[in-house]
Amino acid sequence: MIDLRSDTLTRPTEEMRRAMASAEVGDDVWGEDPTVRALEEETAALLGREAALYVPSGHMANQLGLYVSTRSGEEVWTHEHHHLIGDEQGAAVVLSRVLPRLYSGDPFPPQELLEKWITGLGDVHRADPALLWLENTFTGRVVPLEEQHRVTDFAHEHGLLAHLDGARLWNAAIELEVDPARVAEGFDTVSVCFSKGLGAPVGSALVGDVDTIRRARRGRKLLGAGMRQAGIIAAGALHALRHHRERLAEDHARAAVLAERLSGLPGLEAVARTNMVLLTTAEGEAARYAEAFAEEGVRALGGGDRIRMVLSLEVTDSDVEKAAEAITRAVSRL
């Protein structure tokens with residue numbers, strides 16, 4: 001079975017396992033785990049920030065970014081399909097008690113919408129806007145740097161903070177051919193993931209200035225995620241950060257090959273975006289197609305009119321060829 005459901009499915013490489021087995025550890029709640037500290041320092045440096053906090057998941061990194069940037073009852077402006085809204089169980093409302101204000105369409109809000117939403121500041125009848133939220137990549141799509149700067153500049157000009165859900169920021173940097181710090185520019189807080197394209201078994205990080213990360217560290221403990229000898233898992237993330245970023249270009253190239261191989265199949269439209277291949281079907285048909293793919297040995301996520309396939313560390317050139325052949329067979333019998 002070739003599993004293309006997500007880039008979270010990778011298992012640690014042998015080199016990563018050795019790094020984890022030999023990791024120097026301490027009590028991270030006391031700030032005494034040297035491997036965690038090395039991971040946090042290198043992550044912060046790569047993203048051009050003063051400090052970073054290692055956390056168990058991207059969900060937690062996002063929620064801590066929200067927690068330190070808002071107060072109860074304030075607005076966060078975000079896309080209706082951002083991970084914050086669709087994949088975090090409403091935690092923004094439960095934990096930080098904020099009011100999401102949602103836009104649709106492109107993964108960055110148009111200027112005219114921002115100008116409309118910012119009117120009426122100070123009106124006692126409405127919630128005060130506090131945070132503008134972007135995600136990069138967004139279903140594999142890279143946010144252009146000029147759009148990123150336009151949105152973050154607007155936020156700061158009007159007294160809002162800006163957060164980036166950068167779970168696949170590393171992919172965006174590779175696609176844009178820039179340093180990761182460029183993709184993080186303008187944001188007050190940024191979350192990044194080590195367990196997606198980089199292939200580590202556990203963890204994400206939140207980066208920001210020293211005071212913001214100090215408050216986020218307290219928030220992590222409040223949520224029960226104070227970790228002790230976490231260097232064992234941090235070592236896997238540190239190895240991935242040091243050795244697996246540049247190879248993301250291989251995933252992008254394989255996604256492009258797979259999309260090309262699937263182009264022209266009846267009933268499907270295929271497009272590659274960074275490490276993802278997105279297939280569009282007739283409305284309501286995606287699940288049926290995904291089931292047929294699985295019967296031929298390829299797992300993919302499908303619902304509505306969209307099938308998503310994700311290339312990652314364990315997917316080889318041979319797997320891409322086999323997947324293309326299997327999907328072609330599946331489509332031929334539908």
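**Close-up 1. Arg 214 and its salt-bridge partner in helix α10 of this predicted model.** With a relative accessible area of 44%, Arg 214 is partly exposed. Its side chain meets that of Asp 211 in a salt bridge, 2.9 Å from N to O. Asp 211 also counts as partly exposed, here at 40% relative accessibility. Both residues belong to helix α10 (residues 210–222), and because they are three residues apart, about one helical turn separates them.

**Close-up 2. A salt-bridge network of four residues.** Here the members are Glu 295, Glu 296, Arg 329 and Arg 333, joined into one network by salt bridges that share partners. For context, a search of the whole structure turns up 24 salt bridges. Side chains of opposite charge can pair when their charged atoms come close.

**Close-up 3. Asp 7 and Arg 168, a buried salt bridge between two loops.** The closest N and O atoms of Asp 7 and Arg 168 sit 2.8 Å apart. This pair ties together distant parts of the chain, with the two positions 161 residues apart in numbering. Asp 7 comes from the loop between β1 and α1 (14–21), while Arg 168 comes from the loop between β6 (161–166) and α8 (169–176). Asp 7 counts as buried because its relative accessibility is 0%. Arg 168 has a relative accessible area of 10%, so this residue is buried too.

**Close-up 4. Arg 299 and Asp 3, a salt bridge between strands β11 and β1.** In this pair the closest N and O atoms are 3.4 Å apart. Arg 299 lies in β11 (residues 298–299) and Asp 3 in β1 (residues 2–3), so the link spans distant parts of the chain, 296 residues apart. At 37% relative accessibility, Arg 299 counts as partly exposed.

**Close-up 5. The open sheet β9-β10-β13-β12.** Four strands line up in that order, with antiparallel pairing. β9 (269–273) and β12 (301–303) stand at the edges; each has a single partner strand, so one side of each has no neighbour in the sheet. From one strand to the next, the twist averages 15 degrees. Inside the sheet, five bridges join β10 (residues 276–280) to β13 (residues 306–310), and these two run antiparallel. Look for Leu 279, which stands opposite Ile 307 in β13. Helix α12 (residues 248–262) packs on the sheet and touches β9, β10 and β13. The direction of α12 makes about 170 degrees with that of β9.

**Close-up 6. Tyr 54 and Phe 194, one of three aromatic pairs.** The rings are tilted, with 45 degrees between the planes and 6.2 Å centre to centre. Once again the pair links distant parts of the chain: Tyr 54 sits in strand β2 (residues 51–55), and Phe 194 in the loop between β7 (189–193) and β8 (204–208), 140 residues apart. Tyr 54 is buried at a relative accessible area of 1%, and Phe 194 counts as buried at 0%.

**Close-up 7. Tyr 289 and Phe 293, an edge-to-face pair in helix α13.** The ring centres lie 6.4 Å apart, and the planes make 75 degrees. Both residues belong to α13 (residues 286–295), four residues apart, or about one turn of the helix. Tyr 289 and Phe 293 are both buried.

Key:
Residues are numbered from 1 along each chain as its sequence is written. This is a predicted model: local features need pLDDT of at least 70, side-chain atom pairs count only at pLDDT 80 or more; totals for chains, interfaces and linings use all residues. Side-chain values use heavy atoms; hydrogens and water are left out. Two strands pair if DSSP finds at least two bridges between them. Axes are lines fitted to C-alpha atoms, for helices over the stretch in contact, and angles run from 0 to 180 degrees between N-to-C directions. Contact means heavy atoms within 4.5 Å. Buried means under 20% relative accessible area, exposed over 50%, partly exposed in between (1.4 Å probe, protein chains only). Rings of Phe, Tyr and Trp (its six-membered ring) pair if their centres lie within 6.5 Å; planes under 30 degrees apart count as stacked, over 60 as edge-to-face and the rest as tilted.
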